[in-house]
Amino acid sequence: MKLVSFIEQLPDLATLQKSGVEEVILSGQDFSRYGKIKTEDLNNWANEVSKLGMKPILEWDILMTENVFAQTVQELKKVDLDLFSSIRVQDPGAIHYVMTQFPQKKLQLVLETGNHNLQGILDWATYAAGKLDRVILSIELPYETLKIYLAALREKNIKTELLGLGRILLFYTPRSLLAPVVFDHDDDKKKTMIEIESLERLASSEESPHKGFPILETKHGTFMFHIKEHCLITQIPKLIEMQLDYLRIDLRFGKPIILIENVANIVSNYHEEAALTFKNNYPTDTLVGFFNINKTDTLFTKLKNQKLQRQDQNYLGDVYEISKDKHIAFMNRSNQPITPEMKLKIINPEGKELLTTISWLKNSKLELSKSIPQNELAVISYVGKVAARSQVYLA
Amino acid sequence: MNENSHRVPEVLAPAGSLEKLKVAVLYGANAVYVGGQKFGLRQASDNFTYDELIEGVNFAKKHQAKVYVVLNSFLHDKDLNELPEFVKFIEAIGVHAVIVSDLGVLSTVKKISNLDIHLSTQASCLNVEAAKLWKELGAKRVILGREVSVKEGGKIKKETGLEVEMFIHGSMCMAYSGNCVISNYTQGRDSNRGGCAHSCRFEYSFDLNDTNKEEKKLAYFMSSKDLEGVRVLPEFINEGIDSVKIEGRMKSNLYAGTVSKVYADALRYYSQHGNFLSDDILEWEKEIRKISHRDYTDASLINPAGVDSIFNERESSKDNEFTIVGNVIEVCPGEFMVVEVKNAFNQGDTLELLPFRGYAKKFMAGEIMGLNREAQVRTKPSTLIKLPYIEGADQWNIIRKQL
């Protein structure tokens, strides 16, 4: 399993090289969500990476409306793509553009958003066939799923990457949301914002008990991160066992680059104690997230009253009115007429089933009726414990 | 000049239930989008059973409207395994298209059916190159991200030949669609499989000063105003946008009916006259403000959304101008209307009946009778009452009251 990482200053390259990092992702200001490297410096940085025997990767992970896309490809012309081993892309427009304009370039497809089924990942790989360097998988995929995916992808010679250490992005918008809060519409401060490359503050929601979500604003928008960072350092044996090709270590946002040496040592010679020590001493609290299990759909059944869910079979309609000891009125929604003597099953919102036989049947004029057609009200004798919106079925 | 002299986009309305589908279509929507019990992004919505889908499609067809079914969740493998049966069913009953956001779903649908594929806004298709990619993969229409302007939408249409659909009204996420997982981590609910907990609508407290942690600022900084595009309709038409989409499968009949009617009336006017030079535009804007909403913005329809698109306050219903009092569920012309009461009202209250075409009809709630012919002074929710027939009233008409 090889390591992939980032640098934010050139001197850090030496540390990455010493740690055996295979690839260095270069995040340019005009192409990367949190990029700090000026576009005009990217070529030089790529050269420096290559000189040290590592592979420079150009990151292009911003999402772009059409106007922004047009501006971005103009900036891209300043970059010598031949200096980069691969281009790392996320916007489908960037994928298509690189494939058509630079067909000789290898692509690293960032599939971290969505892409939670194997079929979709294979389809992306098929689409980029011949140009695909690897797929970068979502951290929402649990271990048991990843094992299956990696085996299937390996069969097709598709390399894989996962975030091993770094911030978890919760939210990404192109809008400037932090500056208005920080600068409070003061014109002088607004001018300063233009010169600031990025702005970061901590925010706490009244919703969550967690305090201190990092909020970052760059020229590409506003980003919200989890208060804890993603850390799979204690799961390295599993990652190696499932033959993950690349592990991404993201020490940006103020983490000391020297930590990459610890990670590299743990990867090459795993000891649980060392891994736990690393995790416990890491500058930020961490979590493994969904690596063990992802149960983010189990609460769905609680989002609505399942007892109010209509069953199709023998369904006749919904109760609109109950008049105690007098009548029940329901709308006949079926294409079967309601007739006297019909045996009904009424299910109330608590799920209780109530059986009755229609002894008398009236229409909305309260005239006795032999038949109530579809889309008309049927009025029948009162049944206890029936409430509005109870469902009526043929028994 | 006949009604179809000038080409206009379709009005695509949300239908969170069979009842809302009928209301939206009757109030003028040319198409509705619905969800089955699974695969969509609104787990808390009523959603449609198989029989409801059949009835909904038949109803829509009878009124020359189309039905699109959402399959726009980011499906996991076990969800995808259950998809083929559902896709075959909806194709058999005559659904016009599916709305997908996931490539695995798209390729599955393409493999097993001939259904038209619309790419959901959830996939965040934002530019010409992305649209080209999705066209190659089989999409017939792209529903653009709400960050895209109408002009950009027109460019995408011209340069790809795809149908283009854009949101024109309703609630908005701040995040790029599909790029928010806050509730996944804070509430254990997958926001991209229908469990969004609307974390963006809460108040946030900021540490403004690194040295003085006591200096905090409170803000609803991630809450967006609601989109409203009545005045932007000319741009949609000029750019040849194929469909204007109204958000809101979770919203009420009053919302579905009112908003569908406004945009349908406006586009019908344009279709007949070739312009919007009518005082009715003020009426349409007034109508749109009679339903519950956050402050309105045109967001990024013309220029990228700015600070004035942020809804920096707690949500409340205090500013509602109107409330629904009920739906007409049966009509006996010349005699009475049976109304399902949703909110109580009094004898003597001034009510409005919203017909499917034309202006709202004001009337006084004179004689109110229960089904048992008992006179009532004040109605109760979840009951049926009879009101004297209003000329032109029809089943599913909305009756509302000014607060």
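## Exercises on a predicted two-chain model

Seven of the 10 residues of helix α6 (residues 128–137) of chain B are buried, so this helix is largely enclosed by the rest of the structure. The model is a predicted one, and the exercises below start from this helix.

**Exercise 1.** Find which residues of α6(B) are buried, and what covers them.

*Solution.* Begin with the residues themselves: the buried ones in α6(B) are B:V128, B:E129, B:A130, B:A131, B:L133, B:W134 and B:L137. Next, look at the surroundings, where the cover drawn from chain A includes α3 (66–76), α4 (92–101) and α5 (118–127). Chain B contributes to the cover as well, with elements including α5 (103–112), β5 (116–119) and α7 (150–160). Finally, follow the chain past the end of the helix, where B:G138, just after α6(B), takes a positive phi of about 120°.

**Exercise 2.** Decide whether A:Q90 is buried or exposed, and work out which side chains it meets in polar contacts.

*Solution.* First place the residue: A:Q90 lies in the loop between β4 (86–89) and α4 of chain A. Its relative accessibility is 11%, and because buried means under 20%, A:Q90 counts as buried. Then list its neighbours, leaving out residues up to four places away in sequence: A:Q90 touches A:R33, A:W60, A:D61, A:I95, A:V110 and A:T113. Among these neighbours, A:R33 joins its side chain to that of A:Q90 through a polar contact of 3.2 Å, and a polar contact of 3.2 Å likewise links the side chains of A:Q90 and A:T113.

**Exercise 3.** Describe the interface of chain A and chain B by its contacts, its buried area and its salt bridges.

*Solution.* Start with the contacts, in which 86 residues of chain A meet 98 residues of chain B. The area buried between the two chains is about 8200 Å², and carbon and sulfur atoms give 55% of it. Of the area that chain A buries against chain B, 9% comes from A:E66, A:R175 and A:E207, which is more than any other three residues supply. Turning to charge, the rule finds eight salt bridges across the interface; the side chains of B:E19 and A:R389, for instance, meet in a salt bridge (3.9 Å, N to O). By class, the side of chain A that touches chain B holds 39 nonpolar, 26 polar and 21 charged residues.

**Exercise 4.** Determine in which sense β9 of chain A and β8 of chain B pair.

*Solution.* Locate β9 at residues 199–205 of chain A and β8 at residues 204–207 of chain B; these strands pair in the antiparallel sense over four bridges. As a check on one position, take A:L202, whose bridge partner in β8(B) is B:D207.

Definitions and conventions
Residues numbered from 1 in each chain as written. Chains lettered and ligands numbered in written order. Predicted model: local features only at pLDDT ≥ 70, side-chain atom pairs only at ≥ 80, totals over all residues. Heavy atoms only, no water. Buried < 20%, exposed > 50% of the residue type's maximum accessible area, 1.4 Å probe, protein only. Helix = DSSP H or I, 4+ residues; strand = E, 2+ residues; numbered from the N terminus. Contact = heavy atoms within 4.5 Å. Polar contact = N/O pair within 3.5 Å; in protein donor to acceptor, adjacent residues only side chain to side chain. Buried area = accessible area lost by both parts, 1.4 Å probe. Salt bridge = Lys/Arg side-chain N within 4 Å of Asp/Glu carboxyl O. Nonpolar A, V, L, I, M, F, W, Y, C, P; charged D, E, K, R; others polar. Pairing = 2+ DSSP bridges.
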